[in-house]
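Biologist: I am new to this structure and would like to learn how to read it. Please take me through it one feature at a time.

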Amino acid sequence: MSEETNDATQEISLDAAGARPLFQLSTMGKVGVGIVVFWIVVALIGPFFAPYHPADFVSDESYGPMSAENFLGTDYIGRDILSRVLHGARLTMSLSFLATILAFVVGIGLGFTAALSGPRIDMIISRIYDAFLSIPTIMLGLVVIAALGSSIPVLIVTAGLIYSCGLYRIARALALDIKVMDFVEAARARGEKLPWIIRREILPNAVVPLVAEFGLRLVFSILFISGLSFLGLGVQPPTADWGVMVRENLGGLYGGSPAALVPAAAIASLTVGINLIVDDFSAQRGQEIAEEMI
Amino acid sequence: MWLVVLRRLGMGVVTLWVVSVLVFAGTEILPGDVAEAILGQSATPEAVAAIREQLNLDRPAVVRYMDWLTNLLRGDLGISLAANLPISEMISGRLKNTLILAALTAALAVPLSLAMGLAAAMFPGGRIDRFVTVSTLFLLSVPEFFIAATLVLIFAVHLQWLPAITYATEYDSVWQLAKSLALPILTLTTSVIAHMARMTRAAILNVMTSPYVEMAILKGVPRRRIVLRHALLNAVGPVVNVVALNLAYLIGGVTIVETVFAYPGLARLMVDAVSRRDMPLVQACAMIFCSAYILLILIADLLAIFANPRLRHSKQ
């Protein structure tokens, strides 16, 4: 009986929240959404529109100029840059997306577990994370890749685990805050199990800060993975990946070829776009929570 | 107060020790055989045996760790697998180059970002504030190699003011040194300035909400005077903390920037070591960078303790 009333009130409050728009986008936010939607579309269907195969040598010229055949010019061995950027979108974006999902699952899972299952487990998990946080992220990445070599699963898991640190802290703090609230106490008193409490009582209350956090971690993952690819330690050539493309074409930069700038600008526009949305979102919702967390 | 400082120093030492365990474990405890992993497909039985001997792989990991740690404490960093040279020899010049880069960046970035943060905090929501928050958001989001590539195209290729590649650091004049390091320093500065200016702004705005500042506003004290005389002094602790934390961020930027500009620094040595899987060299470089990081964070915490009397007393 009490469970039914609880669910009913929750639904009413959710409906009330849904009645007004979740949040109003500012101009900058709309620009951000535009950029991100554009790249998502490119990642999904871009390869079909690519004029050439990303590995085809379409020109004898290295660093060929922009022309009608090669819209963005050609790279250091005469491959079409536009085709490679269109093909690279999918890999670059899906790698960081998967890493962020992993960071979320691990970070939030462990954060909630630490907050809800007693001081001893909390201390063990927190100390392990503290130890990892005392190493700069790029050093963690380099050490792991030195040991395991670079492959796509290694990249995703490394980035995912590194960025789960921040999410762990946030999720733990949120859960500790929400844990003491009456509705959670009530659920506990009813004899609900831990997973149920997390899913039905705590998660809905943590959605807003976590959405902003998702965007931020996505940006970090993109920068981290493309940074490693740029260093030659991430995705390996000849795969069309934005970070790899910047590295390959770096030599042409000094001769004035923008071949390295195009994929770098693609990454930059994507990360700026995501951050514009995150900034807008956190400015309007969950500002207090965001400040508390810092 | 000294008890608190001592405790914090002790924590620093413990952190350093934990990091040494992690670095060692990360590079040495591999699934399978380290020697074969290092050599990859070119593993002949003789080569594997040689590496096994060089790394003392027949002994248990704990013993190897203790040896490595005691040698490290005595300043013996071991011998590089790829170059077959003592690591301390390979590192000394590289470390100096990276420190020059970091020091010059700090000298440029710290005053600049403090000024930006202050100017933005002076009139929150005003024109300067909007410019600073939007431009730093942009700089914060883009990868370092994008900034570097843009700067190279503008200053080295089109304007031809500055050299794009930094081969060596031996120069006749300071001007020449400044010119050849200008692009790497500019790149690092732009990426570090964004964090620093934002955090400075936040630290000052945080103080601006306190009752005594409100009192000053109500008394009609000019805004500029409130920020510079009333708020800034109380924000010194957090701001110094911000500076130290951001210098620690430099470590990430340095790896990218040294690669873009072919700068002979420690970070590039480490990247090469990782791609050659030269484990002793990776370990040594990682320990140097991690120690620098821990040291900077330690300094940040200690400065915060000195600046804020409330932190000087232990909680127990």
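Modeller: Let us start with the words. Helices (H or I, at least four residues) and strands (E, at least two) are DSSP runs, numbered from the N terminus. By that rule, chain A has 12 helices and zero strands. Its elements, read from the N terminus, go α-α-α-α-α-α-α-α-α-α-α-α. Please keep in mind that this is a predicted model, where local features need pLDDT of at least 70 and side-chain atom pairs count only at pLDDT 80 or more, while totals for chains, interfaces and linings use all residues. Residues are numbered from 1 along each chain as its sequence is written, with chains lettered from A and ligands numbered from 1 in the order in which they are written.

Biologist: What percentage of the residues of chain A count as buried?

Modeller: The general idea is to count neighbours. A residue is buried if 20 or more other C-beta atoms lie within 10 Å of its own, exposed if 12 or fewer, and partly exposed in between, with C-beta atoms placed from the backbone. In chain A, 48% of the 294 residues count as buried.

Biologist: How many of the residues of H5(A) are buried?

Modeller: H5(A) has 11 of its 12 residues buried, so this helix is largely enclosed by the rest of the structure. Among the buried ones are Thr137(A), Gly141(A), Val144(A) and Ala147(A). To judge the length of a helix, take its expected span, which is 1.5 Å times one less than its number of residues. H5(A) reaches 16 Å from its first C-alpha to its last, close to the 16 Å expected. After H5(A) comes Gly149(A), with a positive phi near 80°.

Biologist: And how do I read the place where the chains meet? How many residues of chain B are in contact with chain A?

Modeller: Two residues are in contact if their C-beta atoms, placed from the backbone, lie within 7 Å. Here 43 residues of chain B touch 37 residues of chain A. On the side of chain B, the elements that give two or more residues are H1 (2–28), H6 (127–141), H7 (144–158), H10 (223–260), H11 (266–276) and H12 (279–307). H7(B) gives the most, eight residues. For classes, Ala, Val, Leu, Ile, Met, Phe, Trp, Tyr, Cys and Pro count as nonpolar, Asp, Glu, Lys and Arg as charged, and the others, Gly among them, as polar. This side of chain B has 33 nonpolar residues, nine polar and one charged.

Biologist: At what angle do H5(A) and H12(B) pack?

Modeller: Axes are lines fitted to C-alpha atoms, for helices over the stretch in contact, and angles run from 0 to 180 degrees between N-to-C directions. Angles under 35 degrees count as roughly parallel, over 145 as roughly antiparallel, 65 to 115 as roughly perpendicular and the rest as oblique. H5(A) and H12(B) pack at about 170°, their axes 11 Å apart, and are therefore roughly antiparallel. Met139(A), Leu142(A), Val143(A) and Ala146(A) meet Met279(B), Val282(B), Ala286(B), Phe289(B) and Cys290(B). That contact consists of nine nonpolar residues, with no polar and no charged ones.

Biologist: The numbers within each helix seem to come in steps. Is there a general idea behind that pattern, or should I move on?

Modeller: There is: an α-helix has 3.6 residues a turn, so residues three or four places apart point the same way.

Biologist: Now a pair inside chain B: at roughly what angle do H5(B) and H11(B) cross?

Modeller: The axes of H5(B), residues 87–122, and H11(B) cross at roughly 130° and come within 7 Å. That makes the pair oblique. Met90(B), Ile91(B), Arg94(B), Leu95(B) and Thr98(B) meet Leu266(B), Ala267(B) and Leu269(B). By class, this contact has six nonpolar, one polar and one charged residues.

Biologist: Where does H10(B) bend?

Modeller: The bend at a residue is the angle between axes fitted to the seven residues ending there and the seven starting there. H10(B) bends by about 60° at Leu232(B). Its 38 residues put the end C-alpha atoms only 43 Å apart, short of the 56 Å of a straight helix.

Biologist: Which residue with a positive phi follows H10(B)?

Modeller: Ala262(B) does, with phi near 50°, in the loop between H10 and H11 of chain B. Ala262(B) is partly exposed, having 13 other C-beta atoms within 10 Å. Arg277(B), in the loop between H11 and H12 of chain B, also has a positive phi, about 55°, although it is not a glycine. Arg277(B) counts as buried, with 20 C-beta neighbours inside 10 Å.
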